[in-house]
Amino acid sequence: MNQRIAHIAMVVDDYDEAISFYTQKLGFQLLEDTPLSDTKRWVMVAPQGQGECCLLLAKGVGDEQRSRIGNQTGGRVFLFLYTDDFWRDYRHYQSEGIRFVREPVEEGYGTVAVFEDLYGNLWDLIEPK
């Protein structure tokens with residue numbers, strides 16, 4: 001059996017606002033932005049150098065979906081962003097106004113800090129050992 005996770009859907013409030021945050025603040029690549037209807041788009045972003053998995057930015061429609069924006073995991077860290085240079089990315093994100101909710105610490109598995117995206121989803125920034 002050969003399986004893989006291709007995309008992770010993230011509910012967002014606005015396509016263009018989310019694209020701007022992920023590409024300009026976090027430095028992700030915009031992989032695709034295809035209109036599907038007047039109100040729906042297929043939007044995928046991924047970190048630089050990303051191999052296979054990417055974020056599918058999905059605009060929340062209706063009260064149920066919109067209630068999940070920014071808290072898709074009930075307050076737990078949602079995504080784990082690995083880096084080859086923690087301090088480079090940490091300082092860059094700080095200069096871009098990214099809010100870190102847990103300061104950097106050295107753990108047995110590497111250096112890690114927790115930041116919020118534009119909607120409040122929590123991310124680990126990790127440089128593994």
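In this predicted model, four strands come together as an open sheet, arranged in the order β1-β4-β3-β2 and paired in a mixed fashion. The edges are taken by β1 (7-12) and β2, each of which has a single partner strand, so one side of each is left without a neighbour in the sheet. On average, neighbouring strands of this sheet are turned by 25° against each other, direction ignored. For a closer look at the pairing, strand β3 (residues 41-46) and strand β4 (residues 54-59) make a good starting point: these two run antiparallel and are joined by three bridges. Here Val45 is found opposite Leu55 in β4. A helix accompanies the sheet as well. Helix α1 (residues 15-25) lies across β1, β2, β3 and β4, and its course makes an angle of about 155° with β4.

The edge strand β2 can be followed down to a single residue. Strand β2 covers residues 29-35, and Glu32 is part of it. The relative accessible area of Glu32 is 28%, which makes this residue partly exposed, since the partly exposed class sits between the buried limit of under 20% and the exposed limit of over 50%. Once neighbours within four places in sequence are set aside, the contacts of Glu32 are Trp42, Val43 and Met44. Of these, Val43 is eleven residues from Glu32 in sequence, and the two C-alpha atoms are 5.3 Å apart in space. The side chain of Glu32 also makes a polar contact, at 2.8 Å, with the side chain of Thr34.

Further along the chain, attention turns to another open sheet, made of four strands in the order β5-β8-β7-β6, again with mixed pairing. At its edges stand β5 (77-82) and β6 (100-107); each has a single partner strand, so one side of each is left without a neighbour in the sheet. Neighbouring strands of this sheet are turned by 20° against each other on average, with direction ignored. The edge strand β5 pairs with strand β8 (residues 122-128) in the parallel sense, and five bridges connect them. Within this part of the sheet, Phe80 stands opposite Asp124 in β8. Helix α3 (residues 86-95) packs on the sheet and touches β5, β6, β7 (110-116) and β8. The direction of helix α3 makes about 170° with that of β6.

Definitions and conventions. Residues numbered from 1 in each chain as written. Predicted model: local features only at pLDDT ≥ 70, side-chain atom pairs only at ≥ 80, totals over all residues. Heavy atoms only, no water. Buried < 20%, exposed > 50% of the residue type's maximum accessible area, 1.4 Å probe, protein only. Contact = heavy atoms within 4.5 Å. Polar contact = N/O pair within 3.5 Å; in protein donor to acceptor, adjacent residues only side chain to side chain. Pairing = 2+ DSSP bridges. Axes fitted to C-alpha atoms, helices over the stretch in contact; angles between N-to-C directions.
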